[in-house]
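Dear colleague,

I am passing on the structure we spoke of, and I would be glad if you could open it alongside this message. My notes on it come after the structure itself.

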Amino acid sequence: MFKNKVTVFSLLIIIIAGALYFLSKNSEEKQSDRFYTFINPENIKLIKIEKGGKAFKLFSRDNRWFVTDNSSLELAVDTSRVLPVFEFINDPGIIQKITKKESFYPKFELTEDKATKVTLQQRKGDDLVFYVGKDKDYSSRFVRKKGDPYVYLISKRINLDMDKDSWIYKKIPDYDFTKLDYIEYDCSRNNKTVKVYYDKSGDKLFMKDLPENKQGKDLYRLRDDFLKISVSKFVPRSEKTETEHVVSHKLFFKTGETVTLSFLKSTGEKSNKHYLDINVSAGGAVQDKDLIYLKSVSDRYLFALSWFDKKKYLIDCEDFFEDKPEKEAPEIKVRKPQDQ
């Protein structure tokens with residue numbers, strides 16, 4: 001009996017050992033199929049992208065990415081542009097290991113002068129350098145990495161635009177909506193304004209001193225109208241832009257700052273261009289970090305708009321109100337004689 005138990009136990013050990021060996025080997029094979037070991041974005045402090053004599057840097061600070069303009073002003077980068085850089089390195093598998101002969105590098109556009117060179121500076125450790133060559137098709141690309149002579153065909157593509165403007169985060173103003181006190185909406189057609197307040201505890205927008213038998217209408221949409229407005233381009237104020245004023249609205253914050261959003265249009269005879277001019281002011285120094293960034297950028301730039309939405313920013317004050325629903329009269333039940 002004891003002998004049988006030993007035999008069964010030994011067989012179990014052999015089976016488990018075999019399974020572990022198989023899993024380990026399978027894991028190693030899978031690892032060898034990956035282009036690179038995982039890179040944690042949090043461990044990278046700077047990304048440098050170079051091609052054809054052009055270069056720019058993306059740097060990380062306080063969990064955000066920035067790029068400097070030609071005057072060394074820091075502009076926030078669109079995170080959706082940065083994440084694909086890490087996905088391009090972390091995600092793809094190796095379709096084919098091509099060659100390690102340098103004489104073949106030009107064929108794949110992987111020479112120093114033809115490739116897009118991507119350098120990742122780690123917070124600790126050496127720089128990680130990758131060379132991105134030409135596409136093979138819609139889903140694969142030729143690459144190589146520093147310290148490895150081989151050319152690889154990997155199952156991923158990426159757009160590494162050398163135009164810095166394409167990397168900038170173009171939704172502005174971007175701030176913490178819970179810090180907003182109220183919006184002062186200018187109804188320019190009748191020289192009136194309406195104030196729409198924000199209640200943080202109930203996460204709602206409301207109005208005070210409403211006309212009799214009136215209530216606020218569609219106020220919640222103002223959150224989207226005055227937060228993260230999509231702009232098409234940052235236009236340096238040094239550039240000459242002939243414009244005229246259309247309308248201005250103001251955002252008042254509980255911390256004392258005021259943000260004025262002025263919508264402008266080009267005065268060119270055949271031009272239909274529109275712009276957003278932003279001014280950030282306070283009784284003293286601006287304190288909120290989001291508004292500090294907004295001030296630094298808006299002091300230097302106007303913001304071009306793809307179009308001006310009159311339904312959002314040029315409406316009458318009366319459009320903010322609607323009639324209160326009439327209260328239904330309580331139903332009076334009349335007793336029939338047989339009920340008495």
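What follows goes from the whole protein to its core and pocket, and then to some individual residues.

Please keep in mind throughout that this is a predicted model. The protein has 340 residues, of which 37% count as buried, and its secondary structure consists of 5 helices and 21 strands. If one takes the contacts between residues at least 6 apart in sequence, 61% of them join residues at least 24 apart.

The interior is perhaps the best place to begin. The largest nonpolar core has 77 residues, and within this core Ile 47 and Leu 58 have the most contacts; helix H2, which spans residues 79-90, gives the most to the core, with 5 residues. Apart from that core lies another, of 9 residues, which includes Leu 110, Val 129, Phe 142 and Val 151. Leu 58 deserves a look of its own, since you can follow its surroundings on the screen: leaving aside neighbours within four places in sequence, Leu 58 is in contact with Lys 45, Leu 46, Ile 47 and Ile 49, with Trp 65, Phe 66 and Val 67, and also with Val 77, Val 82 and Trp 167.

Next comes the largest pocket, which holds about 360 Å³ of space. Its lining is made up of 18 residues, and those that lie nearest the centre of the pocket are Asp 69, Asn 70, Phe 234, Pro 236 and Tyr 301. Sorted by class, the lining has 8 charged, 6 nonpolar and 4 polar residues. Strand S3 (64-68) and strand S16 (233-236) each supply at least two residues of this lining, and the largest share, 3 residues, comes from S16.

Two buried residues with polar side-chain contacts may interest you. Ser 248 is placed in strand S17, residues 243-253, and has a relative accessible area of 18%, which is under the 20% cut-off, so Ser 248 counts as buried. Its side chain makes a polar contact of 2.7 Å with the side chain of His 245, and a polar contact of 2.7 Å also joins the side chains of Ser 248 and Ser 262. Not counting residues up to four places away in sequence, Ser 248 touches Asp 186, Thr 260, Leu 261 and Ser 262.

Thr 111, by contrast with the strand position of Ser 248, is found in the loop between strand S5 (94-99) and strand S6 (116-122). Thr 111 is nevertheless buried, with a relative accessible area of 18%. The side chain of Thr 111 makes a polar contact of 2.6 Å with that of Asp 113, and, with residues up to four places away in sequence not counted, Thr 111 touches Tyr 105 and Pro 106.

Some points of backbone geometry are also worth checking by eye. As background, most residues other than glycine have a negative phi, and most peptide bonds are trans. In this model, a cis peptide bond joins Ile 172 and Pro 173, with omega at about 0 degrees, and Pro 173 has its place in the loop between strand S10 (171-172) and strand S11 (180-187). Asp 209 is not a glycine, yet its phi is positive, near 50 degrees; Asp 209 is found in the loop between strand S13 (204-206) and strand S14 (214-216). With a relative accessible area of 78%, which is over 50%, Asp 209 therefore counts as exposed. Asp 218 likewise has a positive phi, of about 50 degrees, although it is not a glycine, and is found in the loop between S14 and helix H3 (222-225).

Finally, here are two pairs of residues that are separated in sequence. Lys 208, in the loop between S13 and S14, is partly exposed at a relative accessible area of 47%, and its C-alpha is 7.8 Å in space from that of Val 196, the two residues being 12 apart in sequence. Asn 272 lies in the loop between strand S18 (258-266) and strand S19 (274-281) and, at 64% relative accessibility, counts as exposed. From Asn 272 to Trp 307 there are 35 residues in sequence and, C-alpha to C-alpha, 8.4 Å in space.

With best regards

Note on methods:
Residues numbered from 1 in each chain as written. Predicted model: local features only at pLDDT ≥ 70, side-chain atom pairs only at ≥ 80, totals over all residues. Heavy atoms only, no water. 1 Å grid on protein atoms, 1.4 Å probe; cavity = no way out; pocket = protein on both sides within 12 Å on 5 of 7 lines; lining within 4 Å. Points joined across faces, edges and corners; volume = space filled by probe spheres on them. Helix = DSSP H or I, 4+ residues; strand = E, 2+ residues; numbered from the N terminus. Nonpolar A, V, L, I, M, F, W, Y, C, P; charged D, E, K, R; others polar. Core = buried A, V, L, I, M, F, W, Y, C linked by side-chain atoms within 4.5 Å. Buried < 20%, exposed > 50% of the residue type's maximum accessible area, 1.4 Å probe, protein only. Contact = heavy atoms within 4.5 Å. Polar contact = N/O pair within 3.5 Å; in protein donor to acceptor, adjacent residues only side chain to side chain.
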